Structures are given as structure tokens and as C-alpha cells.
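Trainee: Could we take a close look at one part of this protein? I'd like to see how you read a model, step by step.

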Amino acid sequence: MALSIELPRFRDIANRERKAFDWHVYKVEQLTEVQKKRALSTSEAEQLDRSKGVVKEINESSKRNKAIEVCDPVFVGARTLLNKGALLSAELRSHKSGSGKANERKIVDGQLIFEAEKDRALPTAFVALTIGILFVDEATAPPVMLVPQARGETGSRHDPTSGDEPSGRTIYSDLSHKSAPDFTKQFFAAVGEARSYERLADTVLQLLSNEGDPDGENGTGYRPTVDAREFARVMRELAERKIGSDEPQLRRRVNEVLNKVQNVGSESDVAESNIDLPDLEDIADQNIIAENVRVMGPMIVSAMFEELKVFQVVDRIVEQFQHGMLPIGPGDAGKMLYQYWRETPNRMSEQERRSFAAITLGIPGGNDEGLVNREFNDLWIRFVSSVSSFVRQFEVDSLLRSATPSAISHQQVRKAARDLAGNLSLHGYGMAHYAAREVQSQINFMIKLLSDREIKGSYGARDMWQVVDQVATYELGGAKTSSRYRTLATSGTIITAWLANNVAKINQTTGPVIDINIVRNPEMEHGSNHKATRNPSDYDLVNACELWLADTATSDSQVEELSQPREAPVMTSKPIPIPSMAQDILDGIGPIGLGNGMATHH
């Protein structure tokens, strides 16, 4: 007799499943609306049919089965290959369904379901670890598809007496898709790695389960909660430290590694940051390093805060507090001001911030002995203008000719993106990784400080920006329009994040760079995980470029002129020392500033 046996709840598996289902629901709504306006293309019609089928299958199985069907491509792809290859002693079926009223769709909560004979050992740790490794390696799985099943089949062994009636269709991974070979390679690499950990994985999973918080939902009491991704990262770290199942203090070692993975209690937040430093030996043939590009986001925010004098404002408030001129009692604000004052020797100075700004963004005022980014201004505004011009031209073409723009339009945007990303990658080497993280940490602290109720009350302000304006006006020689620089800071972060997330697309020689369907019908993200400054969509990119051009008062004629393709400046794939004579000539030119339409004086 087949038994459904619960495993520890895997939070990230459940979250991914909810997002995948919501994506199919959105696609049905989006393409249905598009169909009302025009005929769908072949690919769009296929996607609509596929999403409709997936949503219907999941809803039907939710009302009928304990093990409801799922559609997260990575989970389904792993399940398909695990079961197809007979790699498990007990076949993987689905997740355990959560609460839901009668005749309503239930949700999945990450508790895996196996179909196994009674008393058969379940490969809990192996399956969770394999899937977690795929998550960590950001495997790209083929899309899911519906496969007709004969009655009595569910894609694995089925017991007609179990009470689970198959719907006649089951969700599988489309192994005929072009991405299937690469995913299969990643999958079997993950399987091999998971197998290599042997008994240690079972013990570690049990320890992590014990560390999980009880949620007590629906009266179920304690349910261990684990992240499959964290499980995989912990196992890799233990393997790197050569810690085996015979370690006498294994629980302590697991907790040490888990703290590092979660960045809890670290004494060196900069060294243990989430930015993954590239191995220069492994990237010798790559011209664009995504993490080098990503660090430019905090540097742009820092540059805008410098323009608003936020750093100076905080220093002046701390000075007033130090001399007893600020009416603040012994509360949170006082603690933060004292902490900021005490940490002054360990914090980057204004001159050091300006030096990094010159190295990364070409803003004048820093030490010119470094690799100053003199080309940034031109490359930045050219990319922003190219994106704006491309979308505007597409809308004109759509209205006048009902046709898509020629491929050259995509290639112009691609070239501008490649030139800018290559420039940012080149100037993101060295200490820029750590400087960006430290600046970001300082900015977050200043925002928390200036937003404190006592600080705002002391200056009669409603928000932190009124505090900044007041101190800058009375103490620092004048304030600037904060809304403008806030918009530029956010837009700059979105643009750099998009470039970093789309390096593979930028490096391709064919195919679209920007999905115009997403731009015209922006996807409404479900849940709270979407953040434009971290994972921007093509719509977020276009919106950020338009806001940048608007706040820098760049006219339409300038946009069209700036978007024209130009020969890219000479850039190496990594920093290379140049002759002293050439360095002297470049120093005579001087930096040309951030491409934001502002004067370059400070």
C-alpha cells in the first residue's frame, strides 16, 4: 500500500512554487487581454494554452489529492529526471498541500511527498540537497508541460486503492526544450555532489530541522522548517572545511556555518557580504563580470547623497549632539549618534569616498592616481538614451505600421549596454567590492538615524529629507532638491542591477535585448519578493531610463542624438598598468563627471 510520508518543510521550495503558479495565472490574464486587441503569435498562443492547462490542472488536483500538482520548473525538472532515471528508492510526487476550504485551491507548504511502500527509507536529504544545489547554482530549467496519462498513471507508480484519482494529465518538464541539455548537465552534477556527502547530509538536515522555527499553522504544532538553498550552502561549506559525519562537535560546526551562510553575528560585514568576488583565473575569457557591474549601484547612491550633503548633515548632527546642542535624551537616537561617533576612525572618510567615486564613476574630487573612469559619463547617457529611443520608436512603428522595429534597433541597444557594462566591469575590480558594501551599510544606517522620531522632532521635520534640507540650509550653505537626487539614485541602482542580471543577454549576438511585451504590459509581481532595485524587469529598466532623462532635463533631440551608435572606447577586460607617459597625458585631461546632466563642480 502506498503511503504519503511528510518531510521537513522547505520554505524556499514552497515560495518558488507559489511564484511559479502566480506567473502562470498572470500569463493567462496578460495574453487574454492581448488577444482582445490583436491576434496572438504562435509562441504566445502556445504559452496561453500551456498556462491555462497548468492552472487548471493544479486547481483540480488541489481539490482532489493530498499531493497536489506543482509547476515550479526547477522542482518539476528535478522530479522528472529523478523519477525517470530511477534514482530514488521512493518516487518523488509533489508537495504536501496546506490548508484550504472545501472546493477551494489548496496551497503547497514545502513538505515533500513520496510514494513508497510501507517502512521503506525515504531519500529525504538527497532530494532536498539536489534541489537546493540547483537553486544555489541558479539552474535554468525547461518550461513545464502537460502530459496525458492513462487512468491509473500519475507519472510514477499509482495505487488505485489509495483514493488519489488521476486527472488524466500530469505536469512534466519539457525535455525537448532547447534548455533541457544544459539543465540535465546541471542536474546530474547536483546529483553527483549530493551523493558525495553520503550520511553527513542526513545528519545535517536533522540538525537544521531542529534549528527551524515552529510555525504552528492550522493546529499542526511544531513543523521543522528548512531552506533547501541554505541546506546546500551549509553542506558545501562543511565539505570545504573537510568536516565529516564523525566530527564530535558537528552541531556546533553546523551552526557556525549556518551563521556564516545567513550572515548572522559576523564581525566583518564587509568581508562576509553577499557580493560574490570573482575568481580572476576562472574569468580570464570574460569581458563583463556581473558582480563588478552590480557594485556600481551603491556608488551611484553615494554620489547622489554627496550632492544632497547627507553625509555632511549627519556629521553636523553628531557634532551638535557631542557638544550638547541637540535636545535628545537617552533613547535609540542617542545610541545611534553615539555609535556613529565612536566608529568614525573605522569609517571611510569623505576624501576616500570621493576617491572611490572617481575610480568607479569618474566624478572629480578624488585621488587621480587610480584608474579614473573617464569614459563613464558618455557611455552611461548613451545607454540610457538608446533604451528610451528604442521604446519610443517601437511605439511609433506600432501606431503607423503595426510592425516591430528592425533587428538593428535591438543591436544598437545591445552595443550601448555592452560598452557600458564592460566599462563598469573594468572599474569594478579591487577594493570597489568592499567599498560599495561599506558605503551601502553607512547609507542604510544614516537613513535609519535621520528617520528616527527624536531626530525629526528636534528639527520639526516630517521625514528625513526635511531634516537634510534644514541642516543643509542653515549649517552647510544651502540645500538641493532632494526628490531629484532620490530619483536619480533609485534609477541608477535599477539600471546597474539590470545590466548585471542580463550579462548573458547582452553578450549574445542575436535575439531581443528588451522584451517589448513586458514593457507594454508590465508584469504585476505577486507577493513581496520583487524588488526593482535588485531584480529589475525590462519595464523597470525602461522606467528608470525615462526617469533619469526627465530629472536630468535631457531633451528629445538630445536623446535621439545621444542614442546614435559610436565607436566604443578602448577598454581592456581587466586592469592593465599603462606607461607613465600615457598616464601623465590622461591626468592632464582630468575626470569628466557623472552622466547626470549636472555640472561637475563640488
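Leaving aside its neighbours within four places in sequence, which residues is Thr-80 in contact with?

Mentor: Happy to. Keep in mind that this is a predicted model. Setting aside the neighbours within four places in sequence, Thr-80 touches Tyr-172, Ser-173 and Leu-175. As for where to find Thr-80 itself, look in helix H3, which covers residues 73-84. Is Thr-80 buried or exposed? Its relative accessibility is 7%, and buried means under 20%, so Thr-80 counts as buried.

You can use that cut-off on a couple of cysteines too. Cys-71 has a relative accessibility of 1%, so Cys-71 counts as buried. Cys-545 comes out at 0%, so Cys-545 is buried as well. If you're wondering about disulfides, the rule is a pair of cysteine sulfur atoms within 2.5 Å, and the count by that rule is 0.

Now let's move on to how helices pack. Two packed helices are described by the angle between their axes and the distance between those axes. Try helix H6 (residues 199-211) and helix H7 (residues 228-240): their axes come within 11 Å and cross at roughly 125°. That angle is why H6 and H7 are called oblique to each other. The crossing of H6 past H7 is right-handed. And who does the touching? On the H6 side you'll find Leu-200, Ala-201, Val-204, Leu-205 and Leu-208, and they meet Phe-231, Val-234, Met-235 and Leu-238 of H7. Sorted by class, this H6 and H7 contact has 9 nonpolar residues, with no polar and no charged ones.

Next, have a go at helix H11 (residues 310-322) and helix H16 (residues 432-450). Here the axes come within 11 Å and cross at roughly 55°, which makes H11 oblique to H16. The handedness here is left: H11 passes H16 in a left-handed crossing. From H11, the contact takes in Val-310, Phe-311, Val-314 and Ile-317, while H16 brings Gln-442, Ile-443, Met-446, Leu-449 and Leu-450. By class, the contact of H11 with H16 has 8 nonpolar residues, 1 polar and no charged ones. Which one is polar? Gln-442 is in that contact, and Gln isn't on the nonpolar or charged lists, so it counts as polar.

To go back to your starting point, find Thr-80 in H3, then trace its contacts to Tyr-172, Ser-173 and Leu-175.

Key:
Residues numbered from 1 in each chain as written. Predicted model: local features only at pLDDT ≥ 70, side-chain atom pairs only at ≥ 80, totals over all residues. Heavy atoms only, no water. Axes fitted to C-alpha atoms, helices over the stretch in contact; angles between N-to-C directions. Helix = DSSP H or I, 4+ residues; strand = E, 2+ residues; numbered from the N terminus. Parallel < 35°, antiparallel > 145°, perpendicular 65-115°, else oblique. Left-handed = near helix turned anticlockwise from the far one by under 90°. Contact = heavy atoms within 4.5 Å. Buried < 20%, exposed > 50% of the residue type's maximum accessible area, 1.4 Å probe, protein only.
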